[in-house]
Amino acid sequence: MSATVPTAFQLYFGAGRPQHAAAQSEESEDLFFHSIELRNGTRKTTRHHRLDDLNALVQDLLPPHRPLEIMDVAVSSGISSAEWLVSLERAGIECHMLAGDAVVDAFLISLGRGLRALADKTGHLMQLDIAGEAVRLPPPRRRDRIRYMPFILLMKAAARLFGAQTRARSQSGNRPWRRLGITCQPLTLMSPSLRRLPQLRAVEDDILVNTSYAQRFHVVRAANILNRAYFDVVTLERMLLNLRARLLPGGMLIVCRTNESGVNHATVFALGDDGRFRASARLNEGSEIADLVLQLPPTSHRDAAPHSGQTSSDYRK
Ligand SMILES: C[S@@+](CC[C@H](N)C(=O)[O-])C[C@H]1O[C@@H](n2cnc3c(N)ncnc32)[C@H](O)[C@@H]1O
């Protein structure tokens, strides 16, 4: 029997979570993240063991520094980062890994036990939970958009009640808040299995606007985010400039896209002294944006990916 999409409440707070077969809980977790759509129109789609062949390819190409400083961006549930970290540790490669995603801090807003919504800190709703049944947002079918509209409007209003507190989440830890009979429970929108891997740090990081990691990493990986289907060329170039600025001299950038059949097409780039990338390895057909990476202008003051007031929420798939 195939798994149904779990609600955020079931996934994070245990109720109804399948206790049997680990494979089934992996499947339901993957279904959950696939069902989540961000404000900028990208999805949190990921899958266990999605990048195993990429991990194997990269292992022999890594820069010699130890501990190796690695950042995996746009990681969704973080499961691919966790699997990569475990494989590096098994190979005896000493490293620190930071996993970033545009939305990590999320909130479960509950109106009693029968109606819940998963929201980001801007109040964007990512899932409705009606009596334990997950409703994808926006609902794909027109008739469901009409049917669920009253619940969506109600939960948007409820999310607005907590607006200021959700934006200041970092000061509040994991305590739930209550107001007018509505509860707002903070949660980290990553795989619950990551709790077993405390050495993997997760951060909220929008790669279009966050310039706070200048020259911090030997390796940066961007898998299933720098896709032409998600962003226009100007946006992709700004993201690339930002990721390049995060690399230490001689660093490595890995760009991958998994196609609909699950095949990974990736290119590994090495950063030269002149600030230009060179392709050093390829998996299958290579990255679909290899030309953009190779044509980036040499390093200059523009590399901090200046923020023009636009956020990645302005871009859609
Ligand atoms: C398709 S998933 C890829 C997950 C994982 N890297 C993989 O390959 O399985 C895309 C992820 O990018 C994140 N994302 C979208 N826009 C982003 C941005 N501007 N900065 C960082 N992450 C972003 C989404 O939240 C989502 O988790």
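**View 1. An open sheet of 7 strands, ordered 9-2-1-10-11-12-13.** This is a predicted model, and the pairing in its open sheet is mixed. Strand 9 (200-204) and strand 13 (277-283) sit at the edges with a single partner strand each, so one side of each has no neighbour in the sheet. Go from one strand to its neighbour here and the turn is 20° on average, ignoring direction.

**View 2. Strand 12 alongside strand 13.** These two run antiparallel, and 6 bridges join them. To pick out one spot along the pair, look for Ala-266, which stands opposite Leu-283 in strand 13.

**View 3. Helix 8 packed on the sheet.** Helix 8 touches strand 1, strand 10, strand 11, strand 12 and strand 13. Compare the direction of helix 8 with that of strand 11 and you get an angle of about 140°.

**View 4. The largest nonpolar core, with 30 residues.** Leu-226 and Leu-253 are the members that touch the most others in this core. At least two residues each come from strand 1 (68-73), strand 10 (217-223), helix 8 (233-246), strand 11 (247-258), strand 12 (264-271) and helix 9 (290-294). Helix 8 gives the largest share, 5 residues.

**View 5. Zooming in on Leu-226 and what it touches.** Leaving aside residues up to four places away in sequence, Leu-226 touches Ile-207, Leu-236, Met-239, Leu-240, Leu-243, Val-255, Glu-288 and Ile-289.

**View 6. A second, separate core of 29 residues.** Among the members of this second core are Trp-84, Leu-85, Leu-88 and Ala-223.

Conventions. Residues numbered from 1 in each chain as written. Predicted model: local features only at pLDDT ≥ 70, side-chain atom pairs only at ≥ 80, totals over all residues. Heavy atoms only, no water. Core = buried A, V, L, I, M, F, W, Y, C linked by side-chain atoms within 4.5 Å. Buried < 20%, exposed > 50% of the residue type's maximum accessible area, 1.4 Å probe, protein only. Helix = DSSP H or I, 4+ residues; strand = E, 2+ residues; numbered from the N terminus. Contact = heavy atoms within 4.5 Å. Pairing = 2+ DSSP bridges. Axes fitted to C-alpha atoms, helices over the stretch in contact; angles between N-to-C directions.
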